[in-house]
Amino acid sequence: MLPKKDKTMAADLTSGSVPHFYRDIYDILCPDQQTQLDQDMFIKLLMKSSLPKETLTRIWELVDCHHGYLTRSGVYKALALIAVSQQGKPVNDVVLQNFGCQELPRPSLGDLSDLKALSVRLRREKNPTRLSMSYREVCSRDIIKVTLIPKKKGLILKHVEYEVSSQRFNSVVQRRYNDFVVLHEMLLHRFPYRMIPQLPPKKLVKTADAHFIEERRKALKRFLTLVVRHPNISEDPLIHFFLTFLGRDVQHNLKEQFRSAPDEFSTNRLAQTVEELDPLDTPTQSRLARDLMKHVHSSVSKLRDAADSIKEQTLEGAVDMLTFGRELSWLADMANTDSEWSSGGNETWNHLKKGFKSLHPMFPPISNALAEHSKQEDEDVVEKLNLFLDLLSAYKEGEQQERRKHFALHCISMETQLVHCYMNIVGEMLHSLIELETIKHYKIYELWKNMHPMVENMNSADVVEERLGSASPTGNKSPYFPSK
């Protein structure tokens, strides 16, 4: 009989090149780079292969180490055996030896989204005091789009409608601002100890300009994004109803369906035992967390203001470039009113006008590039920081909840962990900012550089010589555009 260590080695994969797909599967099952895979997760993985029960039992026997878990190599061997079996080959301990150094086959496992959800749920159930979710997993829970429906309805007070789409539910619904208000009110009642983001302010449409409507649209999208990605709130039937209900009078139906629903404390199974889970220093840790979040909120707010200023400067630059091009076009089209008396025979003005005519069409592309970059800076930098700020503001709102003390403190702990999870958004924002600014300045540099020969042709020879003579001796042909 083999010792335990040898039995483990026998169950592991010993030959074949591991394809990237295997690593992707392992990252789903063990996202925190754990060294062991839970038995429940492995059984779920086997079931997704749609193989006969007898075959799955055989695969289980070949890879099970009798410890209630699998190693990474054991998972890879299971995936290879599933693929081999799906090809109609017998499943045994020697079938994989034929691959040698070749890449192992890829199994067919269908949609893996439910496997991701199950992985998160099992990890959280095993350790309820840990969020056990990565930023990537939080973001993958759902992708929300909120777009303005141009047509306004109503006879007296016209209202704005939004088209709301959810990737998770594969749904598209139409919602009004007041529908969001009812959802917000019910979420506050249902989850009194969780981070419920604030809604943007209400304003009569007849006094709301396009800028206000657009800012409110973005704020509603952020609100709904945070809600549908929250580990607990997103699983509530209230969210499913809001994102899928296609009938009329959404507000009335929301109230009728969920008015009598109890709050989370009454339905959460941890509420009765959470006192045993919380460490003795939970109140102290809670105060420290609140202080940290206060400082983070202040700094992120300043980062958002700076990013918004960068975006506005880019947009102002786009407007300035259009002005430049328009004025050059106007100068180029001016009628020739100068005479020998006014010019003294100098042809400079006529020469410049020809240059203006060639040059002015080159400014709109610069304006368009800057306008597009301003939009991207808003979406990839400013809005990410706004999303994080909305979350931090909701955390500040929830920190005063002390009723049903132990469950409230437990929720604060979990919400704090969720904020820490979202802190990745700052790094993601910085990556987007650096990438966008690099692309923007290089693009604009290229557009400006294309104008250089035209400007040189517009100037008289003596001016060009004087400029070149005053340039610093760097070895570049042009004092304005360094060589790449």
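This report describes the confidence of a predicted model, the surroundings of one glutamate, and one strand hairpin.

**Confidence**

The mean pLDDT of the chain is 81, and 82% of the residues score at least 70. Two segments have pLDDT under 50 throughout, and they are listed below together with their contacts beyond four places in sequence.

| Segment | pLDDT | Contacts beyond four places in sequence |
|---|---|---|
| Residues 1-11 | under 50 | 13 |
| Residues 472-484 | under 50 | 15 |

Where pLDDT is low, the predicted coordinates should not be read in detail.

**Glu-264**

Helix α12 covers residues 264-267 and contains Glu-264. Glu-264 has a relative accessible area of 4%, under the 20% cut-off, and is therefore classed as buried. Its side chain forms a polar contact with the side chain of Arg-194, at 2.8 Å. Arg-194 also appears among the residues that Glu-264 touches when those up to four places away in sequence are left out; the others are Arg-190, Phe-191, Pro-192, Asn-232, Phe-407 and Cys-411.

**The β4-β5 hairpin**

Strand β4 (residues 159-166) runs antiparallel to β5, and six bridges join the two. One pairing within this arrangement links Ser-165 to Val-172 of β5. Four residues lie between the strands of the hairpin, in which Asn-170 adopts a positive phi near 50°.

Strand β5 comprises residues 171-176 and has two faces. Ser-171, Val-173 and Arg-175 make up the covered face, whereas Val-172, Gln-174 and Arg-176 make up the uncovered one. Val-172, the bridge partner of Ser-165, thus belongs to the uncovered face of β5.

Key. Residues numbered from 1 in each chain as written. Predicted model: local features only at pLDDT ≥ 70, side-chain atom pairs only at ≥ 80, totals over all residues. Heavy atoms only, no water. Buried < 20%, exposed > 50% of the residue type's maximum accessible area, 1.4 Å probe, protein only. Polar contact = N/O pair within 3.5 Å; in protein donor to acceptor, adjacent residues only side chain to side chain. Contact = heavy atoms within 4.5 Å. Pairing = 2+ DSSP bridges. pLDDT = per-residue confidence, 0-100.
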